[in-house]
Amino acid sequence: RRKLGARIAQLREERGLSQRRLALMLELDRVTLNHIETGTANPTIGTLMRIADGLDVRFEDLFRY
């Protein structure tokens, strides 16, 4: 989970997005996004698909650490 979260944070930062901005785009609570990025949350496949869409990457790209 930590590697996945770090990858999501990396992709978000590469796109110049704050956690707050991405969370708003995804209609997701910012604290939830923070927990995903720090590896303390266990996101659903649906949430990960929304994150991939919001970051404009393929779902499998989230898992390329």
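Three exercises with worked solutions follow.

The model is predicted, so that local features need pLDDT of at least 70 and side-chain atom pairs count only at pLDDT 80 or more, while totals for chains, interfaces and linings use all residues. Residues are numbered from 1 along each chain as its sequence is written, and side-chain values use heavy atoms, with hydrogens and water left out.

**Exercise 1.** Find which residues of helix α4 are buried, and state what they pack against.

*Solution.* Begin with the terms: helices are DSSP runs (H or I, at least four residues), numbered from the N terminus, and buried means under 20% relative accessible area, exposed over 50%, and partly exposed in between (1.4 Å probe, protein chains only). In α4, which covers residues 45-55, the buried residues are T47, L48, I51, A52 and L55. Seen down the axis of α4, these residues fall within an arc of 140° (taken from the directions from the helix axis to the C-beta atoms), so they line one face of the helix. I45 and D53, on the other side of α4, are exposed. The buried residues of α4 pack against α1 (2-14), α2 (19-26) and α3 (30-38).

**Exercise 2.** Describe the largest nonpolar core and the place of I51 in it.

*Solution.* A nonpolar core is a set of buried Ala, Val, Leu, Ile, Met, Phe, Trp, Tyr and Cys residues joined through side-chain atoms within 4.5 Å. The largest one has 17 residues, and those with the most contacts inside it are I8, I51, L55 and L62. Two or more residues are given to this core by each of α1, α2, α3 and α4, and the largest share, four residues, comes from α4. Leaving aside neighbours within four places in sequence, I51 is in contact (heavy atoms within 4.5 Å) with I8, L26, L33, I36 and L62.

**Exercise 3.** Examine the salt bridges that involve E37 and R58.

*Solution.* A salt bridge is a side-chain nitrogen of Lys or Arg within 4 Å of a carboxyl oxygen of Asp or Glu, and by this rule the count comes to six. One of them joins the side chains of E37 and R12 at 2.6 Å, N to O. Because E37 lies in helix α3 and R12 in helix α1, the pair ties together parts that are 25 residues apart in sequence. Both E37 and R12 are buried. Turning to R58, its side chain meets that of E60 at 3.7 Å, N to O, and R58 also forms a salt bridge with D61, with the closest N and O atoms 3.1 Å apart. R58 is partly exposed, with a relative accessible area of 47%, whereas D61 is buried at 16%. Salt bridges that share partners join R58, E60, D61 and R64 into one network.
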